[in-house]
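Here's a quick briefing to read alongside the sequence and the model. Have the 3D view open, and follow the topics in order.

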Amino acid sequence: AWGAATVIGEGADVSVEVPITNTGSRSGSEVVLLFVEPKCSPVLRPVRQLAGFAKVRVAPGETATVRIDLDPRSFARWDVASNGWLVDAGEYHLVIAASATDLRGSLTVTI
C-alpha cells in the first residue's frame with residue numbers, strides 16, 4: 001500500500017517522500033518511479049519524463065519511506081536559443097508510479 005507523498009524543499013530543489021507499507025505475509029520489494037509532467041510549456045515536450053526512482057525492501061506489516069531527490073535539471077528542457085538547459089517557470093505535476101502505466105498518485109509543485 002502506498003501512502004500520500006510529501007514534498008520537501010523550495011524552488012527547483014525538491015525531495016519527494018513516499019511511505020510504502022507491506023500488507024502481505026512475506027518480505028517484498030517495490031520500485032517507486034517519479035515522473036515530471038510540465039503543465040504548460042512554451043515548446044513541445046514529452047507528456048511525462050522519468051525524473052527519479054528508488055527501490056525499497058519491506059518486511060511484512062512494516063512501512064518504509066522512499067525519498068527521491070530532484071535537482072533543477074529534473075525540470076529543465078534544452079533551449080536551442082541559449083544553447084543550454086532552461087527551467088520554465090510554472091506548475092509541474094510530480095507523478096508517483098509503479099510503472100509507466102500504473103500511476104499511484106500525483107501532486108503539483110510551482111517553480
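Let's start with Arg67, which is partly exposed, at a relative accessible area of 46%. Keep in mind that this is a predicted model. The protein has nine strands and zero helices, so to speak a β-β-β-β-β-β-β-β-β pattern when read along the sequence. Of its 111 residues, 34% are buried.

**Salt bridges around Arg67**

- The structure holds seven salt bridges, and one of them brings the side chains of Arg67 and Glu17 together at 3.7 Å, N to O.
- Because Arg67 sits in strand S5 and Glu17 in strand S2, this pair ties together parts that are 50 residues apart in sequence.
- Glu17 is partly exposed, with a relative accessible area of 24%.
- Arg67 also meets Asp69 in a salt bridge, this one at 2.9 Å, N to O.
- Asp69 counts as exposed, because its relative accessibility is 51% and the cut-off for exposed is over 50%.

**A salt bridge between buried partners**

- Asp88 and Arg77 form another salt bridge, with 2.6 Å between the closest N and O atoms.
- Asp88 lies in the loop between strand S7 (84-86) and S8, and Arg77 lies in strand S6, so the pair ties together parts 11 residues apart in sequence.
- Asp88 counts as buried at 11% relative accessibility, and Arg77 is buried too, at 10%.
- Back at the earlier group, salt bridges with shared partners join Glu17, Arg67 and Asp69 into one network.
- Asp88 has a further link worth a look: its C-alpha is 8.2 Å from that of Pro42, although the two are 46 residues apart in sequence.
- Pro42 is found in the loop between S3 and S4, and is exposed, with a relative accessible area of 61%.

**Strands S2 and S5**

- Strand S2 (residues 13-21) pairs with S5 in the antiparallel sense, over eight bridges.
- One bridge to look for is the one from Val14, whose partner in S5 is Leu70.
- Side chains alternate along S5: Ala64, Val66, Ile68 and Leu70 point to one face and are buried.
- Thr63, Thr65, Arg67 and Asp69 point to the other face of S5 and are not buried.
- As a general matter, side chains in a regular strand alternate between the two faces of the sheet.

**The four-stranded open sheet**

- Which strands make up the open sheet, and in what order? Four of them do, as S4-S3-S8-S9, with antiparallel pairing.
- S4 and strand S9 (103-110) stand at the edges with a single partner strand each, so one side of each has no neighbour in the sheet.
- On average, neighbouring strands of this sheet are turned by 20 degrees against each other, direction ignored.
- Strand S3 (residues 28-38) is joined to S4 by nine bridges, and the two run antiparallel.
- Among the S3-to-S4 contacts, Val36 has Gln49 in S4 as its bridge partner.
- S8 and S9 also run antiparallel, joined by seven bridges, and a hairpin of five residues connects them.
- Glu91 stands opposite Thr110 in S9.

**Aromatic pairs**

- The count comes to two aromatic pairs.
- Phe75 and Tyr92 form an edge-to-face pair, at 5.2 Å centre to centre and with 75 degrees between the planes.
- That pair links distant parts of the chain, 17 residues apart: Phe75 is in the loop between strand S5 (63-70) and strand S6 (77-79), while Tyr92 is in strand S8 (residues 91-97).
- Are Phe75 and Tyr92 buried or exposed? Both are buried.
- Trp78 and Trp85 form an edge-to-face pair as well, at 5.4 Å centre to centre and 80 degrees between the planes.
- Trp78 is partly exposed at 42% relative accessible area, and Trp85 counts as partly exposed at 46%.

**A nonpolar surface patch**

- Val31, Leu50 and Phe53 form a nonpolar patch on the surface, with about 290 Å² of accessible area together.
- Leu50 has its place in strand S4 (residues 49-58), and is partly exposed, with a relative accessible area of 49%.

Definitions and conventions:
Residues are numbered from 1 along each chain as its sequence is written. This is a predicted model: local features need pLDDT of at least 70, side-chain atom pairs count only at pLDDT 80 or more; totals for chains, interfaces and linings use all residues. Side-chain values use heavy atoms; hydrogens and water are left out. Patches are made of residues with over 30% relative accessible area and no salt bridge: like charges are joined within 9 Å, nonpolar side chains (Val, Leu, Ile, Met, Phe, Trp, Tyr) within 5 Å. Accessible areas come from the Shrake-Rupley method with a 1.4 Å probe; for residues, only the protein chains shown count as cover. A salt bridge is a side-chain nitrogen of Lys or Arg within 4 Å of a carboxyl oxygen of Asp or Glu. Buried means under 20% relative accessible area, exposed over 50%, partly exposed in between (1.4 Å probe, protein chains only). Rings of Phe, Tyr and Trp (its six-membered ring) pair if their centres lie within 6.5 Å; planes under 30 degrees apart count as stacked, over 60 as edge-to-face and the rest as tilted. Two strands pair if DSSP finds at least two bridges between them. Axes are lines fitted to C-alpha atoms, for helices over the stretch in contact, and angles run from 0 to 180 degrees between N-to-C directions.
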